[in-house]
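Trainee: Could you walk me through how these labels get assigned? I'd like each value set against its rule.

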Amino acid sequence: MIISIFKQILFFITLFTALSVFSQEVPTPDTTIKVPDTTLINNNIKVDNRDTLVGGLDTAIAKDTLLNGNSLNTTGADTSRAKANALEAAINSSSDSSWMDYRNNTIHFFGNAKIKYEDFELTADYIRIENNSKLLFASGSYDHSHRYRGRPIFKTQTEPPTTTDSLYYNFNSKKGKVFGTFSEVEGGFIQARQLKKNEFDEASIKDAMYSTCNLPEPHTHFGIHISRGVVTEKNIVTGPSYLVIEDVPFPFITIPFGFFPKMNKRASGFLFPTFGEDYTRGFFMRDIGWYVGFNDYWDTEIRGSLYSKGSYEGSVRARYRKNYKYDGGFSLRYANTRNGVEGTPGYKPQQDFNITWNHSQRQEANPGTTFSASVNVGTGSYYSQTAAGGTYDYDQITRNSMSSSISYGKIFGDGRFNFTSSLSHRQDISAGTIYLELPSFNLNMTSFNPFDSKDRIGEQKWFQRINVGYSLQGRNSIDSKESELFKSETLKKFRNGLQHNIPISLSLNALKFFQFNSSINYSERWYFQTIRKGLDNTAGGYVQVIDTVPGFSRAYDYSLSSGLSTKIYGMKEFKGKLAAIRHVITPSVNFNYRPDFSDERFGFYRRYQDANGNENLYSIYENSVFGGPGMGESMGIGFSVDNNLEAKVRSESDSTGFKKIQLLQGLSFNGNYNFVADSFKLSNINFSGRTSFFEQKLGINFNGSFDPYQYDAINNRRVNKYSIENGALARLVSFGLSMDYSLNSEAAKNRNKNIDALNEGSENMNQDQRQQLSRISSDPNAFVDFNIPWNVAASFSFYYSKPGVISSVTSTLNLYGDVNLTPKWKVQYNTGYDFKAEKITLTQFNIYRDLHCWDMSFGWIPFGTYRSYTFTLRVKASILQDLKLSKRNDYYNSF
């Protein structure tokens with residue numbers, strides 16, 4: 001393979017590889033094309049032998065190269081089946097109409113004509129078969145608007161369909177000549193005025209043009225003109241080829257001839273780098289590397305980046321896929337970053353790494369068994385130090401956490417048991433901490449009715465409704481600082497245990513209008529270590545110490561709950577526009593009991609004296625993976641009330657004559673009263689609700705909490721007296737409100753529709769494309785839709801908290817949207833204001849220009865830590881995604 005340092009030369013290589021798929025079908029826009037003139041005279045078809053074809057190109061078909069033969073016999077008017085003596089197989093044909101010229105032994109097919117011979121299949125608006133010469137001719141026809149329609153489309157069993165302006169084909173020699181062929185190669189388009197194909201499946205092309213535009217005359221053209229070329233099964237040979245930009249030829253950028261191996265499979269090759277300047281790391285050559293295509297199921301790319309101030313990066317990415325079984329990808333990235341000026345402490349290199357792995361298994365590959373992986377692990381500073389691997393993705397740069405999960409699941413026992421196991425990790429980047437579960441597992445059994453009978457006749461009796469379930473959980477976990485994770489003393493701090501849960505429940509209808517529910521939940525935990533607290537007499541005084549005691553220990557607890565619930569409906573009818581208001585109240589009350597497991601008879605809690613001589617009670621299962629049984633007896637009544645309010649208005653536009661409007665989609669209150677508590681028996685009253693207005697354009701969600709007890713501001717503590725004693729019902733301790741509004745609801749609907757369509761093809765995407773799709777799904781401004789002329793949207797969040805004397809208020813307003821300046825120009829914006837910090841949040845402006853076969857974009861962050869601008873000019877063709885012009889000037893890490 002020829003490799004050049006110029007990107008245009010790489011463009012040639014892409015072209016010649018693309019020629020191997022010349023026979024792909026692409027719909028060609030309507031255009032005026034000259035075809036052989038045909039005139040119906042005395043029920044005979046007369047063909048002008050001048051055969052003036054595509055673009056005025058005069059072609060003379062060498063009649064001596066076409067074989068003569070016997071006559072072609074046909075039967076039927078609209079559908080005919082014919083076979084010549086010399087032909088190896090029958091010709092199956094159909095059309096809207098057909099006519100046989102017995103004088104010239106020729107048959108003509110008109111309108112939706114279709115011919116099938118061996119593995120050759122052809123459809124066209126007009127087809128002519130010359131029996132004597134065994135020659136087939138096909139073309140389109142002009143409609144009343146003088147547009148050329150019904151172009152021939154031919155295909156074989158080994159090749160995809162190809163669209164042409166007209167063609168000749170010889171049944172005996174299996175040679176053909178095609179005029180005006182048009183093919184697509186993964187977004188790139190090839191046009192050739194002439195193409196000949198022989199019996200050895202070799203194609204000769206003349207006056208071909210490769211472009212990224214799908215128009216016959218590309219209005220935004222960047223391509224290559226090829227005078228002549230030969231395409232075989234394994235090789236591509238071309239004559240002189242030169243670059244053409246905007247219909248202007250550049251003959252001085254010419255390849256006199258080329259010989260390339262034609263790969264019908266993945267091939268290894270050079271990955272061209274990008275060049276630019278980073279504010280802190282200097283000039284760079286980024287992502288230079290090599291692509292390795294091992295086989296049809298596995299490929300990888302190795303890339304590296306160099307910076308003029310001493311930083312460097314390297315990465316290895318691999319993809320794999322087995323059809324109908326599994327697919328996934330793996331990446332390992334390493335960075336050695338230097339910031340600041342040489343000779344200063346900040347210039348000391350910082351080493352970071354990041355590992356990702358994603359794997360998914362098809363359900364049909366192994367029914368009843370699942371295996372998946374989503375891994376993202378590495379040093380917490382990788383994204384901030386490398387600008388998210390050079391992508392400058394703000395969401396990645398500012399991310400505060402990473403998480404991973406590798407899970408396996410299996411259903412067995414005729415579907416009664418479900419086993420799942422996983423390895424997981426959570427990483428807090430800002431705190432520098434890591435939480436690992438290596439591993440955790442769950443075994444769940446489908447609940448059953450132990451007292452029911454398979455031979456039962458009639459309804460279940462009350463005891464036959466008793467339902468029993470079982471679940472088993474196991475964990476082995478550790479919390480650690482990122483810098484201390486791989487130290488031997490840290491690895492000894494793994495915590496592990498098993499937990500069994502046996503829920504028993506009973507559900508009955510009571511007094512016709514009530515639903516009675518009762519349940520008993522029993523939990524048992526098995527641990528292999530417990531703790532003991534004590535005092536150690538040191539030179540500095542007594543110091544509390546915690547000893548770990550190895551050995552098996554069993555802890556258990558249980559609780560009882562019974563309750564009633566019902567629904568209350570209310571309706572008020574009106575005259576006029578408002579027809580009625582309907583109110584639905586769902587109250588529920590339950591009794592719950594749990595004993596005090598800190599009692600000495602259980603042995604789960606112990607006492608010790610601290611350095612001040614005070615006696616304290618502690619659990620020997622403190623900080624264990626499932627915790628220990630709770631302290632304190634609980635016996636109380638829980639209550640909740642949920643409300644739903646809707647209106648019915650008269651509407652002439654609705655077929656029923658009425659229209660429902662949700663006034664309050666949900667408003668709930670809940671709390672609990674503990675009879676055996678020493679003080680503060682009544683819990684806080686929590687509430688939440690949601691609603692929407694203006695045909696659901698404005699959505700509102702709110703929640704909060706009321707404290708029913710008084711608060712002593714002087715001593716800064718709650719008082720065991722109800723607020724109502726001072727004339728106040730309760731004290732608001734927290735309240736949250738969020739709203740979002742869009743002036744153009746069609747924008748969100750169309751965006752979700754396009755994302756669903758992208759998700760359907762996501763299994764063929766690489767890792768970068770998956771990340772871009774994920775960003776589109778989460779960021780309203782990441783999706784550019786020229787079909788929506790405008791969108792203005794806003795969101796507001798507010799939170800108030802006052803647990804004591806000091807109150808806290810946070811509120812943020814976000815504005816985002818876009819507007820089409822013209823059908824091809826779009827401007828997007830995204831900004832906001834933090835009222836507590838009294839400053840503008842991240843503000844972005846993006847300008848997009850649709851250049852038909854190219855995309856142009858300009859992004860600008862005018863101020864803030866990540867102020868920058870970016871200009872990108874990119875080819876839409878997926879095969880040419882490396883062909884782009886990108887200019888970035890940023891102030892990344894300039895603080």
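## Labels and cut-offs

Trainee: What makes Asp599 partly exposed?

Mentor: Its relative accessible area is 35%. The scheme calls a residue buried under 20% relative accessible area, exposed over 50% and partly exposed in between, using a 1.4 Å probe and protein chains only. So Asp599, at 35%, gets the in-between label. Before you lean on any of this: it's a predicted model, where local features need pLDDT of at least 70 and side-chain atom pairs count only at pLDDT 80 or more, while totals for chains, interfaces and linings use all residues. Numbering runs from 1 along each chain as its sequence is written, and side-chain values use heavy atoms, with hydrogens and water left out.

Trainee: How do you know that Asp599 and Arg601 form a salt bridge?

Mentor: The rule wants a side-chain nitrogen of Lys or Arg within 4 Å of a carboxyl oxygen of Asp or Glu. Here the closest N and O atoms are 3.9 Å apart, so the pair passes. Arg601 itself is exposed, at 63%.

Trainee: Why is the Asp707 and Arg731 pair called a salt bridge too?

Mentor: Their closest N and O atoms are 2.9 Å apart, so the distance rule is met. This one links distant parts of the chain: Asp707 sits in strand β44 (residues 698-707) and Arg731 in strand β47 (residues 731-742), 24 residues apart. Strands here are DSSP runs of E with at least two residues, helices are H or I runs of at least four, and both are numbered from the N terminus. Asp707 has 3% relative accessibility and Arg731 has 19%, so both count as buried. A search of the whole structure turns up 20 salt bridges.

Trainee: What makes the Tyr142 and Tyr148 pair tilted?

Mentor: Rings of Phe, Tyr and Trp (its six-membered ring) pair if their centres lie within 6.5 Å; planes under 30 degrees apart are stacked, over 60 edge-to-face, and the rest tilted. These two have centres 5.4 Å apart and planes at 55°, so they land in the tilted class. Tyr142 is partly exposed at 30%, whereas Tyr148 is buried at 0%.

Trainee: Why are Tyr556 and Phe604 called edge-to-face, then?

Mentor: Their planes meet at 85°, with 5.4 Å centre to centre, so they clear the angle cut-off and the distance one. Tyr556 lies in strand β36 (residues 541-565) and Phe604 in the loop between β38 (578-594) and β39 (605-609). Both belong to a cluster of ring pairs whose members include Tyr522, Tyr527 and Phe602.

Trainee: How do you know that Lys322 sits over the face of Tyr297?

Mentor: The test asks for NZ of Lys or CZ of Arg within 6 Å of the ring centre and within 35 degrees of the ring normal. Lys322 is 4.4 Å from the ring centre, so the distance part is met, and it is listed as lying over the face.

Trainee: Last one: what makes a set of residues a nonpolar core?

Mentor: The members are buried Ala, Val, Leu, Ile, Met, Phe, Trp, Tyr and Cys residues joined through side-chain atoms within 4.5 Å. The largest has 29 residues, and Leu122, Ile127, Ile129, Leu136 and Leu167 have the most contacts inside it. Apart from it lies another core of 12 residues, among them Tyr527, Phe602, Phe604 and Tyr618. Phe604 meets the burial condition at 3%.
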